[in-house]
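Please examine the protein chain shown below together with its sequence. The explanation after it leads from the overall fold to individual side chains.

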Amino acid sequence: DSKPSQFGQHLNGNRERIMSQSFKAYAVDDDPLVLDIIQTILEPDCRIKTFESAEACWTALETDKPDLFFLDVNLPGMNGFELCRKIKEDAGLCATPVIFVSGHDTIEERIQGYDAGGDDFIVKPFEPEELLRKLKVAQNMVLSCRLLTEQIKEAEQLSSLVMASMD
């Protein structure tokens, strides 16, 4: 008959609160049809914004931050690898997962994506189920990071209270 501690109950409450927050993904591809397909597949499970260029995506990041990026490699202007590097160099975005969705299917091109900071790679044409599974993995990673951040904040607050009560 062990009941969860108050701390355990608090963490479970945080998990539900964090999971209920809307997960947001950005998809960048110069092919509007691919963007429509990605949006149709993923929209039931997340909010998705689509962009036909890396520059348009980068501009949107000034006012809004997603939880996940899906990037094509071949884009007009700045390519997907360059955008990924910029994302990973930005302190506010560097922990955001990047999944390349590209027709490039050689090992060299996939390695180039990982070297640019990408977390995963899906080759076009893709199966809808694969895209959904990659989304779920990213959602779980982001949720775990959020929960750890919450736990760290709570531990810091608790240690501050303990230290203050010792004075």
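The paragraphs that follow treat confidence, architecture, the last helix, salt bridges and a few local features in turn.

This is a predicted model, in which local features need pLDDT of at least 70 and side-chain atom pairs count only at pLDDT 80 or more, while totals for chains, interfaces and linings use all residues. Residues are numbered from 1 along each chain as its sequence is written, and side-chain values use heavy atoms, with hydrogens and water left out.

Confidence is expressed as pLDDT, the predictor's confidence in each residue on a scale from 0 to 100. The protein chain has an average pLDDT of 88, and 87% of the residues score at least 70. Residues 1–5 stay under 50, and the model gives them one contact beyond four places in sequence, where contact means heavy atoms within 4.5 Å. In residues 15–20 the pLDDT is likewise below 50, yet this stretch has eight contacts beyond near neighbours in sequence.

The secondary structure of the protein chain consists of six helices and five strands. These elements are DSSP runs numbered from the N terminus, helices being H or I with at least four residues and strands being E with at least two. Read from the N terminus, their order is α-β-α-β-α-β-α-β-α-β-α. Of the contacts between residues at least 6 apart in sequence, 61% join residues at least 24 apart. Buried residues account for 38% of the 167 residues in the protein chain; buried means under 20% relative accessible area, exposed over 50%, and partly exposed in between, with a 1.4 Å probe and protein chains only. The accessible surface comes to about 9,800 Å², and carbon and sulfur atoms contribute 54% of that area. Accessible areas come from the Shrake-Rupley method with a 1.4 Å probe, and for residues only the protein chains shown count as cover.

Helix H6 covers residues 128–166. The 39 residues of H6 reach 57 Å from the first C-alpha to the last, close to the 57 Å expected at 1.5 Å a residue; the expected span is 1.5 Å times one less than the number of residues. Several H6 residues are buried, among them Leu131, Leu135, Val142 and Glu154. Towards the other extreme, methionine 163 is exposed because its relative accessible area is 53%. Met163 joins Leu158, Leu161, Val162 and Met166 in a nonpolar surface patch of about 560 Å². Patches are made of residues with over 30% relative accessible area and no salt bridge, like charges being joined within 9 Å and nonpolar side chains (Val, Leu, Ile, Met, Phe, Trp, Tyr) within 5 Å.

Which charged side chains pair with one another? A salt bridge is a side-chain nitrogen of Lys or Arg within 4 Å of a carboxyl oxygen of Asp or Glu, and a search of the whole structure finds nine. One of them joins aspartate 67 and arginine 146, with an N to O distance of 2.3 Å. This pair links distant parts of the chain, 79 residues apart: aspartate 67 lies in the loop between helix H3 (54–60) and strand E3 (68–71), and arginine 146 in helix H6. Aspartate 67 counts as buried because its relative accessibility is 12%, whereas arginine 146, at 24%, counts as partly exposed.

A salt bridge within H6 is formed by glutamate 129 and arginine 133, at 2.6 Å from N to O. The two residues are four apart, about one turn of the helix. An α-helix has 3.6 residues a turn, so residues three or four places apart point the same way. Glutamate 129 is partly exposed at 43%, and arginine 133 is exposed at 54%. Elsewhere, Lys24, Lys49 and Asp64 are linked in a network of salt bridges.

Lysine 124 takes part in two of the features described here. Its salt bridge is with aspartate 72, the closest N and O atoms being 3.5 Å apart. Here too distant parts of the chain are linked, 52 residues apart: aspartate 72 is in the loop between E3 and helix H4 (80–89), and lysine 124 in the loop between E5 and H6. Aspartate 72 is buried at 6% relative accessibility, while lysine 124 is partly exposed at 22%. Lysine 124 is also joined to proline 125 by a cis peptide bond, with omega about -5°. Most peptide bonds are trans. Proline 125 lies in the loop between strand E5 (120–123) and H6.
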